[in-house]
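Trainee: I'm new to this one. Could you take me through the largest pocket in some detail, starting from the overall fold?

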Amino acid sequence: MNRLNRLNFSGGPGVLPESVLAETQAAITCVPEVGLSILGISHRSDWFAAVVDEAERNIRHLLQLPDSHAVLFLQGGATLQFTMIPMLLLPHRHQTAEYLHTGYWSGKSIAEARLLGDVRVIWDGESDGFRRLPAPPELSCSTDAAYFHYVSNETVEGIQFHAIPGLDEIIRVCDMSSDFLSRPFDPNRFDLIYAHAQKNIGPAGVTVVIIRRDLLAHAPDGLPSLLDYRTHLKARSIYNTPPVFAIYVVLLVTRWLLHEIGGLEKMDAINREKAERLYSAIDDSSGFYAGWSMPEHRSLMNVTFNLPSAELEREFLRQASGAGFSGLTGHRSLGGIRASIYNAMTPAAVDLLSQFMREFASLRHAVTGS
Ligand SMILES: *Cc1c(COP(=O)(O)O)cnc(C)c1O
């Protein structure tokens, strides 16, 4: 491994498939069907309309998404969704939205929603350090909430829901930014899903929103055009200049998922296998590595852990960096180590990291005589 080809274990922007990077590289020089660089193709061209169509078709196919749900490609990141969602679904002061506070990102979404309306946090994991997620009996969801919001995978802490929380009769909204298209799920149980691209499905700049069309029938009047989902639905995600490049790369990633990986069941099996290799390196270390999350809530995307001291963590990161592993430093709010193993991280690369972890632990155990 040389300096020019390091393994990207970053929490985001994350790793992309090599075949996608090769196609992207070629497209920067010239997209053959158009004869222009992808960076200079008009968003009003027929070619780009076809890109948006195919990206949508592929996402529908991967998720078995019914026609009741629309697919939009928006800007502003997942962070703007923290605002657009309450603008759509919480316009009346007498209503309350229910949120789960399960980590860093759900905390951000709650703070934004509170600027616009009443929010009730029905479960808060902060006092437990966000190491676990609620079991269904711990949740007292109201049957008259405006909507229910949660984050399927807390990217910073490395905890992930392995079952869908909330009541099916209440509008269910989910931030899937860091595990979208990493596993199959039943889209019929969701009313609004959002996921920006840069963790799992592309470069920064585009956010995929899946919204049940009939939610828009009750949209409040007077929303700023750009912050109104109806604008983007009507314009087929080409209302103003969209991030053509980012959407094109998302298309390539969906093709890769369909044709090279073979769908979300297969992707899920690969992701489970990868996560298992890192968690077993943690579990086999006789406590040298301490996993952050409780085992039943472990994330298959972000593996977070600590070493016995901050000094050892610094040494681990220094040596890991020297060995070609990039992006392992834990989020600034949490510290420790985080290995993000999104869809495009190969099992072979995960093996290298697991081997590195095992060797580092055994050498340190030898030095400390434990
Ligand atoms: C990274 C992340 C965000 C923030 O996304 P931006 O695109 O930077 O706005 C929100 N939610 C989750 C779960 C994330 O992982």
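Mentor: Sure, let's start with the whole thing: the protein has 9 helices and 14 strands, where helices (H or I, at least four residues) and strands (E, at least two) are DSSP runs numbered from the N terminus. Its radius of gyration is 21 Å, close to the 21 Å that the globule rule gives for 370 residues, so the protein is as compact as a globular protein of that length. That radius is taken over C-alpha atoms, and the rule is 2.2 Å times the number of residues to the power 0.38. Along the principal axes, the C-alpha trace spans about 70 × 55 × 30 Å.

A word on what you're looking at: this is a predicted model, in which local features need pLDDT of at least 70, side-chain atom pairs count only at pLDDT 80 or more, and totals for chains, interfaces and linings use all residues. Residues are numbered from 1 along each chain as its sequence is written, and side-chain values use heavy atoms, with hydrogens and water left out.

Now to your pocket. A pocket here is an open set of points on a 1 Å grid over the protein atoms alone, where a 1.4 Å probe fits, with protein on both sides within 12 Å along at least five of seven lines; lining residues have an atom within 4 Å of a point. The largest pocket holds about 500 Å³ of space, a volume being the space filled by probe spheres set on the points, which are joined across faces, edges and corners.

Its lining counts 25 residues, and those nearest the centre are Val-15, Leu-16, Glu-18, Ala-344 and Thr-346. Two or more lining residues come from each of strand 1 (7-8), helix 1 (18-29), helix 6 (244-261), helix 7 (264-283) and helix 9 (347-368). Domain 1 (19-261) and domain 2 (263-368) both contribute to this lining, so the largest pocket lies between them; the domain bounds come from an automatic or database domain assignment.

What about the chemistry? The lining of the largest pocket has 16 nonpolar, 5 polar and 4 charged residues. Ala, Val, Leu, Ile, Met, Phe, Trp, Tyr, Cys and Pro count as nonpolar, Asp, Glu, Lys and Arg as charged, and the others, Gly among them, as polar.

For reference, the second largest pocket has about 260 Å³ of space. It is lined by 16 residues, with Pro-134, Ala-135, Pro-136, Phe-161 and Pro-165 nearest its centre, and that lining splits into 11 nonpolar, 4 polar and 1 charged.
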